[in-house]
Structure formats: structure tokens, C-alpha cells
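Me: I have a structure open here and would like to talk it through with you. Could you take my questions one by one?

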Amino acid sequence: MIDQPDYYAHPTAVLDDGCRVGAGCRIWHFTHISAGAVLGEACSLGQNVFVADGVTLGRNVKVQNNVSLYAGVQCADDVFLGPSVVFTNVKNPRSAVPRRGDAHYLPTVLEHGVTVGANSTIVCGLRLGCYAFVGAGSVVTHDVPAFALVYGNPARQRGWMSAHGHQLHFTADGHAVCPESGAQYQLHPDKKSVALMNQESEVPNASIPNS
Ligand SMILES: CC(C)(COP(=O)(O)OP(=O)(O)OC[C@H]1O[C@@H](n2cnc3c(N)ncnc32)[C@H](O)[C@@H]1OP(=O)(O)O)[C@@H](O)C(=O)NCCC(=O)NCCS
């Protein structure tokens, strides 16, 4: 008897020998998973997605159509990548100058719960903090703090976003409540970081730092 995989891959998907695909993953048309890629449980990869050797995805990562995840990209649990998001991994490519291999690739790290909106570009070598939210069509050129909302080209911080994806409006003493979950957030006095005060009400089972 042949073991059935505990994930679904459409017949047109290409899964190279040696890739690791977690239970419950769904992999749609024409998507290619390279040999050394690791996908956590319950990920969803849309149509025409490419996952390079060495890329790791956590649990429940959702990747919409036409996204290429190049070597150096790491996504923690619950990351959402909108359609046609673009990652880069070489900062100064030249066709005539070979820059292949890990020594040339700058890592890009997306922490727990990050959302990247449709058609955004993430320049390599950056870290997007947990639950950072990148608006559609942005070009991200700097690290993004946890819970920050950024958009535009270049992407600038425009506010703060709850783990449920609602803009946070802080009182004078730096307190905000997510309108959907009721979770409470505290803005640091320097206004450069936000902490989630009652984590369990907002993100059950999640392990996220109070940054
Ligand atoms: C960033 C975002 C969450 C903001 O939503 P919002 O809080 O409802 O903001 P609003 O629509 O009220 O817009 C507020 C202002 O920001 C501007 N704005 C909003 N999103 C923007 C973006 N991505 N880029 C540039 N400007 C943007 C609006 O034009 C508006 O400016 P104005 O006041 O001068 O008219 C939303 O616009 C977005 O980009 N969501 C991502 C959607 C996506 O990619 N989904 C993928 C899966 S389908």
C-alpha cells in the first residue's frame, strides 16, 4: 500500500525531492517547492508560487498567487503574503557579475503574524516585526517595528495595527483597544513601539514578544 501524503498538492505543482511539507498544507496550480524548502503545517500556497531552497515557512502561512520566495526569506507562523508580493535577495545585482550563493544573499525575516499587501516589494536584508502590516503596493526599504502599519513608496509608518488587522487609535496616555477582539495595547512613551497587554484575548496560542 502506498502512503498518501497528509497535504494536498495540485497535479501541476512541482515538489522537488527533499522539500518538507507540513501536514494539512494546500499547494495549488503550477507552484514549485525547491529541494531544501521547509513548509510548516497548514500552509496555503496559491497559484504560480515559487519557494527556493533554504526558505522556511512557519505554521499557517498564506501565500497568494504569483509570489516568489527567494533564498534568504524566512516567514514565521501566521504570515500573510498578498498576491504578487515581490522579495529580493541581492541588493546590487549585475547580470555580468555572478552573485549566487548564501554569501551574497541578504536574509529577510517576517515575524509572527506579519501581513504584506498585494503587489508590495520587500528589499532584502530587512526584518518585519510581529504583526507588522504593509499596505498594498508598497516598497519596504527599512525594518518595520512590531504592529506598525506602513505603506507607500518608500513605505513610511502611518500608524499601528492590531493582531486582528484594525488600526489602533491611542488615547493621550497611550492606551488603545482593538475594536474586534477587545485586546488592549500600550504605546511606549517614546512612541516607537507598542505592547500587547492581554495577549490571550487577541491571539490564542500565539507566542509573541511584547515589544
Ligand atoms: C493600508 C490599508 C490597510 C489602509 O486601510 P484603511 O485604514 O481603511 O485606510 P483608508 O482606505 O481609509 O485610507 C487612508 C488614506 O491612506 C491612503 N492609503 C491607504 N492605503 C494605501 C496604500 N496601500 N498605499 C498608499 N496610500 C494608501 C488612502 O488613499 C487614504 O488617503 P487620503 O486620506 O489622502 O484619501 C489598506 O489600504 C491596504 O493597503 N490593505 C491591504 C489590502 C491587500 O493588499 N490585501 C491583499 C489580499 S486581497
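Reply: Gladly! One definition before we start: a residue is near a molecule if its C-beta atom, placed from the backbone, lies within 6 Å of it. Please also keep in mind that this is a predicted model.

Me: Thanks! With that cut-off, which residues are around the ligand?

Reply: We take the residues whose C-beta atom lies within 6 Å of the ligand. Going along the chain, the list begins with Gly-82, Gly-117 and Ala-118. It goes on with Gly-135, Ala-136, Gly-137, Tyr-151 and Gly-152, and it ends on Gln-167.

Me: How many residues of that shell are nonpolar, polar and charged?

Reply: Here Ala and Tyr count as nonpolar, while Gly is placed among the polar residues. Sorted in this way, the shell around the ligand has three nonpolar, six polar and no charged residues.

Me: Let's step back to the whole chain. What is its secondary structure, and why can it be called as compact as a globular protein of its length?

Reply: The chain has one helix and 25 strands. For 211 residues the globule rule gives 17 Å, and the radius of gyration of the chain is close to that, so the chain is as compact as a globular protein of that length. The radius of gyration itself is 18 Å.

Me: What share of the residues counts as buried?

Reply: A residue needs 20 or more other C-beta atoms within 10 Å of its own to be buried. Among the 211 residues of the chain, the share that counts as buried is 36%.

Me: Which domains does the assignment give, and how many residues does each bring to the contact?

Reply: Domain 1 covers 1-92 + 103-161, and domain 2 covers 162-202. Their centres, taken over C-alpha atoms, are separated by 26 Å. The contact takes 11 residues from domain 1 and nine residues from domain 2.

Me: What classes of residue make up the side of domain 1 that touches domain 2?

Reply: Tyr and Cys, for instance, are counted as nonpolar in this scheme. By class, that side of domain 1 has eight nonpolar, three polar and no charged residues.

Me: In the open sheet of six strands, which are the edge strands?

Reply: The order of the sheet is β3-β6-β9-β12-β15-β18, with parallel pairing. Inside it, β12 (residues 73-75) is joined to β15 (residues 108-110) by three bridges, and Cys-75 stands opposite Leu-110. An edge strand pairs on one side only, and the two that do so are β3 (20-21) and β18 (127-128).

Me: Do β21 and β22 run parallel or antiparallel, and which residue of their hairpin takes a positive phi?

Reply: Four bridges join β21 (residues 148-151) to β22 (residues 156-160), and the two strands run antiparallel. Val-150 has Gln-157 as its bridge partner in β22. The hairpin has four residues between the strands, and the residue with a positive phi, near 100°, is Gly-152.

Me: Which residues does the cis peptide bond join?

Reply: Look in the loop between β21 and β22, where Pro-154 has its place. Omega is about -5° for this bond, and the residues joined are Asn-153 and Pro-154.

Me: Is Phe-30 buried, exposed or partly exposed?

Reply: Phe-30 is found in the loop between β4 (26-27) and β5 (32-33), and it has a positive phi of about 65° although it is not a glycine. Buried residues need 20 or more C-beta neighbours and exposed ones have 12 or fewer. Phe-30 has 15 inside 10 Å, so it counts as partly exposed.

Technical notes:
Residues numbered from 1 in each chain as written. Predicted model: local features only at pLDDT ≥ 70, side-chain atom pairs only at ≥ 80, totals over all residues. Rg over C-alpha atoms; globule rule 2.2 N^0.38 Å. Domains from an automatic or database assignment. Contact = placed C-beta atoms within 7 Å. Pairing = 2+ DSSP bridges.
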